[in-house]
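Reader: Hey, got a minute to go through the helix packing in this one with me?
Author: Sure, pull it up and we'll start with the angle terms.
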Amino acid sequence: MILCISDLFTMTGMTFLVTEVILGTWKFSATACTVYLVFDSLNKFMAPIIALLISRTCYATVCLNKKYQERAANLKFALFQVTIAIILVMIVLWPVFAYSGVYDIYLNANKTEKSVFVMRKCNFAPPPSVELGFSIAAAIANYAIPLGGILYWYMSVPLFLRRRAETTLVGKTGISETAIRKVITTALMLTLVYVLCWSPYWVVLFAHNLLLSDSMSHRSMVIIGYYIHMLPYISCAVYPLIFTFMNKTIKDAHVQLIMQQRRRLRSLTGDAARHVRQSVVALQEMNVPVFFRRLSVQNQMQEELPSTSTTKYEKVSPSPSTHLTTEGNSSHQEVQSSLETTTEETVECMDSDHDAEVIEVLL
């Protein structure tokens with residue numbers, strides 16, 4: 001986990017570096033310059049030290065007695081080791097805090113126009129004696145000690161397992177041989193990455209400080225120096241990958257996580273499909289013409305009313321019976337008009353209720 005966090009710090013610092021490369025000059029403050037150089041140096045120190053602590057933990061878990069095994073597997077003890085390592089690295093990095101800053105470089109001076117091109121660069125520029133002492137201390141703490149510890153502790157584990165397999169009654173089994181091959185493979189991969197990525201870096205660094213400072217300033221050597229300077233970043237990114245691929249527990253946890261996410265995705269797609277089907281049904285109900293519903297309601301209500309005769313009356317002189325018939329006809333017309341009004345109100349009410357149901361389904 002600390003390896004991954006260290007890589008995250010490096011990515012944060014690389015943001016400043018990429019911005020400087022694109023713009024051609026440093027656009028940030030002196031504090032940002034110090035933060036960038038500290039993050040960059042901290043990752044270069046912490047990645048080998050964490051690899052060293054992991055190799056020590058592997059050795060203690062397998063080869064030492066039960067007391068040391070329990071302590072090596074304790075999370076609090078691991079955090080204590082990491083804290084002590086960070087404090088020691090910060091002490092070694094004190095020149096970075098003291099001699100880092102933003103420096104102005106003057107280029108293309110024009111005496112006629114009295115103009116000059118100013119380029120600002122973030123740089124670590126200690127005195128030569130401090131720089132040499134810092135390089136030696138960093139090489140010992142960051143290269144020699146981790147390399148020796150990784151080789152010793154990782155190679156001690158398969159030797160211990162072989163001796164125990166030969167002295168026990170069980171002898172060499174498939175499980176012990178698999179464990180031995182796994183430890184040897186991890187040790188060889190870490191050592192190979194460590195030597196290939198860090199050896200050129202330190203060789204070029206000391207060559208630049210001691211022997212070939214003038215010849216290293218040529219354009220071809222500068223380009224080679226950039227590629228060599230990139231190698232430690234590659235090693236810092238490879239360390240978490242090595243430990244992840246070689247750790248069965250992490251791979252099993254990753255498989256379980258992928259299965260959980262797939263089940264969750266299937267559940268979400270099932271819910272989404274159900275909501276889509278409900279929305280389609282609601283839209284299909286909304287597409288039924290409204291006047292068909294009104295006609296059906298009117299026909300139903302007219303069938304329920306009693307039938308009324310539609311006799312054609314002739315115009316005669318007013319008489320009591322004629323007057324009664326006229327009143328009956330006017331009463332029939334009033335009933336018909338009230339029936340139509342009631343039917344329209346009922347249909348409008350049904351339309352509003354249906355629209356409310358459709359809106360509720362869509363919501």
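Author: Angles under 35 degrees count as roughly parallel. Keep in mind that this is a predicted model.

Reader: OK, so how do α2 and α6 sit relative to each other?
Author: Helix α2 (residues 30-63) and helix α6 (residues 128-167) cross at roughly 25°, and their axes come within 9 Å. With that angle, α2 and α6 are therefore roughly parallel to each other.

Reader: Which hand does the crossing of α2 and α6 have, left or right?
Author: The crossing of α2 and α6 is left-handed.

Reader: And what classes of residues are in that contact of α2 with α6?
Author: The α2 contact with α6 has 21 nonpolar residues, along with four polar and two charged.

Reader: What about α2 and α4, what's the angle there?
Author: About 140° between α2 and helix α4 (residues 75-92), with the axes 10 Å apart. That makes α2 oblique to α4. The crossing of α2 and α4 is right-handed.

Reader: Which residues make the contact?
Author: From α2, they include Val38, Leu42, Phe45 and Met46, and from α4, Gln81, Val82, Ala85 and Ile86 are among them. By class, the contact of α2 with α4 comes to 13 nonpolar, two polar and no charged residues.

Reader: Switching topic: how do α1 and α8 pack?
Author: Helix α1 (residues 2-23) packs against helix α8 (residues 219-245) at about 150°, the axes being 10 Å apart. That makes α1 roughly antiparallel to α8, and α1 passes α8 in a left-handed crossing.

Reader: Which side chains should I click on for that contact?
Author: On α1, go for Leu3, Cys4, Asp7, Thr10 and Met14. On α8, the residues are Tyr233, Cys236, Ala237, Tyr239, Pro240 and Phe243. Sorted by class, the α1 contact with α8 has nine nonpolar, one polar and one charged.

Reader: Speaking of charges, how many salt bridges are there?
Author: The count comes to two salt bridges. One to look at is Glu20 with Lys121, where the closest N and O atoms are 3.4 Å apart.

Reader: Which parts does that Glu20 and Lys121 pair tie together?
Author: Glu20 lies in helix α1 and Lys121 in strand β2 (residues 115-124), so the pair links parts that are 101 residues apart in sequence.

Reader: Last thing: where does UniProt place the "transmembrane region" feature?
Author: The unreviewed UniProt entry places the feature at residues 21-39, 45-65, 77-97, 134-154, 183-203 and 223-242.

Reader: How much helix is in the 77-97 span?
Author: In the model, residues 77-97 are 95% helix and 0% strand, with end C-alpha atoms 29 Å apart. For residues 223-242, the span is 100% helix and 0% strand, and the end C-alpha atoms lie 29 Å apart.

Methods
Residues are numbered from 1 along each chain as its sequence is written. This is a predicted model: local features need pLDDT of at least 70, side-chain atom pairs count only at pLDDT 80 or more; totals for chains, interfaces and linings use all residues. Side-chain values use heavy atoms; hydrogens and water are left out. Axes are lines fitted to C-alpha atoms, for helices over the stretch in contact, and angles run from 0 to 180 degrees between N-to-C directions. Helices (H or I, at least four residues) and strands (E, at least two) are DSSP runs, numbered from the N terminus. Angles under 35 degrees count as roughly parallel, over 145 as roughly antiparallel, 65 to 115 as roughly perpendicular and the rest as oblique. A crossing is left-handed if the near helix is turned anticlockwise from the far one by less than a right angle, and right-handed if clockwise. Contact means heavy atoms within 4.5 Å. Ala, Val, Leu, Ile, Met, Phe, Trp, Tyr, Cys and Pro count as nonpolar, Asp, Glu, Lys and Arg as charged, and the others, Gly among them, as polar. UniProt positions are given in the numbering used here, feature names are shortened, and annotations may be inferred rather than shown by experiment. A salt bridge is a side-chain nitrogen of Lys or Arg within 4 Å of a carboxyl oxygen of Asp or Glu.
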